[in-house]
Amino acid sequence: MISDPTTDFPAFGSAQSNGAADYPGLDDWRAKPVSQQPTWEDSAEFESAMAELSSAPPLVFAGEVDVLRTQLAAAAQGEAFLLQGGDCAETFAGATANKISARVKTILQMAVVLTYGASLPVVKMGRMAGQFAKPRSSDTETRDGVTLPSFRGEIVNGFDFTPESRRHNPQRMVQAYNTSAATLNLVRAFTQGGFADLRSVHAWNQGFMKNPAYSRYEELAGEIDRAVRFMDAAGVDFSALRRTDFFTAHEALLLDYERALTRIDSRSGLPYSTSAHFLWIGERTRDLDGAHVEFLSKVRNPIGVKLGPTTKPEDALALIDKLDPEREPGRLTFITRMGAGRIREYLPALVEAVRDSGAQPLWVTDPMHGNTVTAANGYKTRRFDDVMDEVRGFFEVHRAAGTYPGGLHVEMTGDDVAECLGGSDPIDESAFADRYETLVDPRLNHQQSLEMAFLVTEALSHPDRSV
């Protein structure tokens, strides 16, 4: 939760900031198989970076993490809905006020559409202030006979295809920390300083291009204005409308970075990763006997796990036993990423097995990663219709199983990019040449994100209808 640092942090308690945590079992992951990790060539440079990160102040606080766990528990019971969105891979150059503002505005707009349309509280979470690392299918990349290390996100190396840029540089972890701190500072100002006031919903559209989703949002904003004026006339206290909780999340891929930013909570004596409120384990690193699962089983943050179409029911049950042995509400989130053509075939068995076990994790759909294709002009892209079809399948499966479809996890941006095909104001391949900006995976742009929010609202408010 992004809070007012002068008033809210002490009330929630904080994690100690006098060095990396010393806690039994916290380093057991080092004896486990570990994948998707960089190769740091300069040990002195690596040790220097670890020392600096280990003594740095926490980016988030333990009390905030506990608040998030409570809100995720409500979503797992169908009493709230998680909206998780942001860049596939953040960049240092992209941490500007305008880009951060646009991303936050888009998430706020999506959340207000969902909240107003479905009458459900929305837990708002950004894939930001730490989403700098990316898993890769190969350690190397070859172009014109030249082989160099693959781009693993700016926390590890650069995108330019040169030996200097592609070198695994541990000082980039320090730069990622500093960029995350600056991003969090700006997000805190936006969400606690009046920018997120629900009486300003019209202002969130300023700076965006006209499109069908924009027009529909303006209509909804007008309805909210009328409701607010009515409440004002009735003497309602608007203090709750002036600010909003906003949490941060990223894939916990670089275990050295996560370990260096783990602190002991001064209230409970337990370890928390202070790099983000919420951390998830990717499809490539969810091996039950692997280092990622081992490490994240030891920290108190809410944990997510990506589940792809190869996941078996026994895999899901074993992950529950390892990551959430006490069946603590809000502790574990399963983020499914099946693909539009496979979700109706593979998800039911997982949901039913978990339901029948008595466990109740939060179920969230990631409709992006299973629907990546290559366009005719060579660009990696996703079709908006495929993305929405996976969302439809997610809701259908949970309706049939009698379980709660609890959230949405999307790669999106507030910018007017052209990376995903389709939408009500369609993007076609000809737009890629001028407006394709992502370094890794294609993202929904502002209008496509809003359009998705309206469609998901229909599913939440009318569970008997298709999206």
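These legends accompany several views of one protein chain, and the model shown is predicted.

**Figure 1. The whole protein chain, with its 14 helices and 15 strands.**
Let's start with the full view before zooming in. The C-alpha trace spans about 65 × 55 × 45 Å along its principal axes. How does the radius of gyration fit a compact globule? For 467 residues, such a globule would have a value near 23 Å, and the protein chain has 21 Å, which agrees. Buried residues make up 58% of the 467 residues. If you take the contacts between residues at least 6 apart in sequence, 76% of them join residues at least 24 apart.

**Figure 2. The surface and the charges of the protein chain.**
The accessible surface comes to about 18000 Å², and 49% of that surface belongs to carbon and sulfur atoms. How many charged side chains are there? The protein chain has 47 positive and 65 negative ones. The centres of these two sets lie 1 Å apart.

**Figure 3. Strand 5 (residues 247-251), a largely enclosed strand.**
Why is strand 5 described as largely enclosed by the rest of the structure? Five of its five residues are buried, so the surrounding structure largely encloses this strand. In a regular strand, the side chains alternate between the two faces of the sheet. You can follow the two directions here: Phe-247, Ala-249 and Glu-251 point one way from strand 5, while Thr-248 and His-250 point the other way. Residues pointing in either direction are buried.

**Figure 4. Strand 5 and its pairing with strand 2 and strand 8.**
Strand 2 (residues 122-127) runs parallel to strand 5, and three bridges join them. Look for Arg-127, which stands opposite Ala-249 in strand 5. Strand 5 is also joined by three bridges to strand 8 (residues 278-281), again in the parallel sense. Which residue in strand 8 is the bridge partner of Glu-251? That partner is Trp-280.

**Figure 5. An open sheet of three strands, in the order 12-13-15.**
The pairing in this sheet is mixed. Which strands lie at the edges? They are strand 12 (372-374) and strand 15 (420-421), each of which pairs on one side only. Strand 13 (residues 380-383) pairs with strand 15 in the parallel sense over two bridges. A residue pair to look for is Arg-382, which stands opposite Cys-420 in strand 15.

**Figure 6. Ser-101 in helix 4 (residues 97-118).**
Is Ser-101 buried or exposed? With a relative accessibility of 14%, Ser-101 counts as buried, because the cut-off for that word is under 20%. Leaving out residues up to four places away in sequence, Ser-101 touches Phe-190 and Phe-195.

**Figure 7. Ala-260 in helix 8 (residues 255-260).**
Ala-260 has a relative accessible area of 3% and is therefore buried. What does Ala-260 touch? Apart from residues up to four places away in sequence, Ala-260 touches Ala-20, Met-50, Leu-53 and Ser-54. Another residue to find in this view is Ala-51: Ala-260 and Ala-51 are 209 residues apart in sequence, yet their C-alpha atoms are 8.0 Å apart in space.

**Figure 8. Thr-403 in the loop between helix 12 (384-401) and strand 14 (405-411).**
A loop residue can be buried too: at 16% relative accessibility, Thr-403 counts as buried. Which residues does Thr-403 touch, if we set aside those up to four places away in sequence? They are Val-351, Arg-355 and His-398. Thr-403 and Val-351 are 52 residues apart in sequence, and 7.8 Å separates them in space, C-alpha to C-alpha.

**Figure 9. Two loop residues with a positive phi, Ala-129 and Arg-327.**
Most residues other than glycine have a negative phi. Ala-129 is not a glycine, but its phi is positive, at about 60 degrees. This residue is found in the loop between strand 2 and strand 3 (140-143). At 1% relative accessibility, Ala-129 counts as buried. Arg-327 also has a positive phi, near 55 degrees. Where is Arg-327? Arg-327 lies in the loop between helix 10 (313-323) and strand 10 (332-336). Arg-327 has a relative accessible area of 36%, so this residue is partly exposed.

Methods: Residues numbered from 1 in each chain as written. Predicted model: local features only at pLDDT ≥ 70, side-chain atom pairs only at ≥ 80, totals over all residues. Heavy atoms only, no water. Helix = DSSP H or I, 4+ residues; strand = E, 2+ residues; numbered from the N terminus. Rg over C-alpha atoms; globule rule 2.2 N^0.38 Å. Buried < 20%, exposed > 50% of the residue type's maximum accessible area, 1.4 Å probe, protein only. Contact = heavy atoms within 4.5 Å. Areas by Shrake-Rupley, 256 points an atom, 1.4 Å probe, with all protein chains shown as cover. Lys, Arg positive; Asp, Glu negative; His and termini not counted. Charge placed at Lys NZ, Arg CZ, Asp CG, Glu CD. Pairing = 2+ DSSP bridges.
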